[in-house]
Amino acid sequence: MKSDQNRSVSVYSFVLKTYIQYLYLSKISKRIFSKENYENKRISFLKAKGLETKTLFFQLGGVYIKIGQFVSNLFHILPEEFLWELQDLQDKIPPREFKEIDQRWQLDFGKPMDQIFESLDTNAYASASTAQVHIGIFQNKKVAIKTLYPGIEETAKSDLKTISKVIWLVDRFVVRISAKEVVDQLQTMIHSELDLRSELKNLKLLKQMFALEKDFYIPNPIDELCGRHTLVTEFVEGKKIYELDLEPMFTKRNPNLDKLIKAYILMIFDYRFFHADPHPGNLIFMETGELCLIDFGAVQSISEEETQILERILVGAMRKDYHLVSESLYELGAVTDSLTKEELTQIVKYSLEKLNRILADTNHFRNLSLDTLRPGDDLRFLKEIQVSLKRLLSSLKLPPNFLSLHRVLALLLGNFSFLDPTRSMIEYAEKPFSQIVLKGSSFKRLWKDEGEEFLTSLFSLPRELNDFLYKWNRGEFTAKEDHKQEELKLKEIFTFGTLGSLFFFFGMYYAEKLWKEPSIIFYILSGLCFWSLAKSSLSYWKQK
């Protein structure tokens, strides 16, 4: 393992070297060589750079492996030739020697691993960024034994300092990326992953949340063998994403992606507690058809208020209500006041319309080209509305918890673009979002969009009711005997209409809650009131 100083120097020199090589390729080689030769050189450069990046991250280990796993799944953005060289970072990290892992166990349990497990494979089953997994037998059950690397806590602390400096430099001199928020959330995530007691707690919580969902599985832990540095769970058999058989020509929707998107909509909008590291190594598709999530070191909770704001943003986007999206972004704290509401609304409108065009015109969502994204159009648009790119970037902020959400979205996009590049993630998300998210507030929307109109039309029957209420409110109603009966009849109509509407409201409310009995009772009461309303209205009309 390199010293802390050498590790930092390796990172800085690699970034500088890569930047210079890329400038030479894109600015000079492109002009010198023919289009075909340039393309060959570009592909060779990407493959070589991917291999070099993988080698460096393997040498550095720890936090850099975690970053490499994130980058390696960005198929929707980065070139495939570069990314394929990084796939080994998912679950083929060079293992540590077994004696190092065994030392951890002797420190924690007072005896070596072979005295705890009935049988044990000393060859690593999987090597992760901060821990290593071995397979053993405990009480006649096959188990996965996860153990933190010795000294990983100190190494991670040093690496985070280097990464924080790089992020600060990028934020200060290249592009605004909310450096403080990014660093704070990255540190929180890494520190959480370095205490396996937190992972055990997260595992149990998600297992409880998914208890009634038949499509998902969370492995059972072996509590007596779990501690700060160790986590033992049942071993789950299955396939990783890159081991799955792809549909020929992608003619059908991928059922594995249906499960994956449903799981994350449930976690984010319903449970408000989500697995924040959906890279392919942490997703196991079992032969039973269930999706199993593993590795719960990186999880994130989100408040009810934040999920409601996210819901409004998505609903506003679907309805093309750009003002609602803008207001929600301000409420979320994602935009500062340096960008006016009118400017933000114009940017939101342009962005959503461009997204719709890309979705409509693109039939392959893996490794989108610059010709598809057309960043030049974005700069011209900003110039037209007199908003500089610098001012736009400086006005954007990363709200708390949203580094994890951004990471989840990027990883999911990568998974989707690999398993089904012919369909967008939005196409997969539409149905479960409507079923899971909109269900909880569909009545409110129905009442707002249709209920008020229903009440207006209801109380305008008969038409004279409006005249009566208007005159009554202004004190123009006389107390003559021939008007008393008319007043009583209109009060009766008003009462039955109000009660019928309230009973109908509660009937729909309990129906959405799947409480059948009270729902039926309120519907019956509503029907009786509306029947009485009809009779009173007919009687009043005959008197008139």
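**Exercise 1. Is K262 buried, partly exposed or exposed, and what does its side chain pair with?**

*Solution.* The model is a predicted one, in which local features need pLDDT of at least 70 and side-chain atom pairs count only at pLDDT 80 or more, while totals for chains, interfaces and linings use all residues. Residues are numbered from 1 along each chain as its sequence is written, and side-chain values use heavy atoms, with hydrogens and water left out.

Step 1. Apply the accessibility classes: buried is under 20% relative accessible area, exposed is over 50%, and partly exposed lies in between (1.4 Å probe, protein chains only). K262 has 26% relative accessibility and therefore counts as partly exposed.

Step 2. Look for a partner. Side chains of opposite charge can pair when their charged atoms come close. A salt bridge requires a side-chain nitrogen of Lys or Arg within 4 Å of a carboxyl oxygen of Asp or Glu. K262 meets this condition with E213, the closest N and O atoms being 3.7 Å apart.

Step 3. Place the two residues. Helices (H or I, at least four residues) and strands (E, at least two) are DSSP runs, numbered from the N terminus. K262 lies in helix 10 and E213 in the loop between helix 9 (196-209) and strand 5 (216-217), so the salt bridge ties together parts that are 49 residues apart in sequence. E213, at 22% relative accessible area, is partly exposed.

**Exercise 2. Describe helix 11 and the salt bridge that joins R312 to helix 12.**

*Solution.* Step 1. Compare the span of the helix with expectation, which is 1.5 Å times one less than the number of residues. Helix 11 (residues 304-319) has 16 residues and reaches 22 Å from its first C-alpha to its last, close to the expected 22 Å.

Step 2. List its buried positions: E306, T307, I309, L310, E311, I313, V315 and G316. After the helix comes K320, with a positive phi near 60°.

Step 3. Find the partner of R312. Its side chain forms a salt bridge with E331 at 2.8 Å, N to O. E331 lies in helix 12 (residues 322-332) and R312 in helix 11, so the pair ties together parts 19 residues apart in sequence. Both ends are classed in turn: E331 is partly exposed at 44% relative accessibility, and R312 is partly exposed at 27%.

Step 4. Continue from helix 12. E327 forms a salt bridge with K341, with the closest N and O atoms 2.7 Å apart. This pair links E327 in helix 12 to K341 in helix 13 (residues 341-361), 14 residues away. The whole structure contains 24 salt bridges.

**Exercise 3. Which geometry does the ring pair Y125 and F235 adopt, and which does F210 and F216?**

*Solution.* Step 1. State the criteria. Rings of Phe, Tyr and Trp (its six-membered ring) pair if their centres lie within 6.5 Å; planes under 30 degrees apart are stacked, over 60 edge-to-face, and the rest tilted. The whole structure holds 11 aromatic pairs.

Step 2. Classify the pair of Y125 and F235. Their centres are 5.2 Å apart and their planes stand at 85°, so the pair is edge-to-face. Y125 is in the loop between strand 1 (119-120) and strand 2 (126-127), and F235 in the loop between strand 6 (230-234) and helix 10 (255-271), so the pair ties together parts 110 residues apart in sequence. Y125 is partly exposed at 48%, whereas F235 is buried at 14%.

Step 3. Classify the pair of F210 and F216. Their centres are 5.2 Å apart and their planes at 50°, so the pair is tilted. F210 is buried at 3% relative accessibility, and F216 is buried at 6%.

Step 4. Note the cluster: ring pairs link W105, F109, F117 and F138.

**Exercise 4. What surrounds the buried residues G500 and N415?**

*Solution.* Step 1. G500 is in helix 20 (residues 481-512) and is buried at 0%. Leaving aside neighbours within four places in sequence, G500 is in contact (heavy atoms within 4.5 Å) with S526, C529 and F530.

Step 2. N415 lies in helix 17 (residues 402-419) and is buried at 0% relative accessibility. A polar atom of its side chain lies 2.9 Å from the backbone oxygen of P278.

Methods
Polar contact = N/O pair within 3.5 Å; in protein donor to acceptor, adjacent residues only side chain to side chain.
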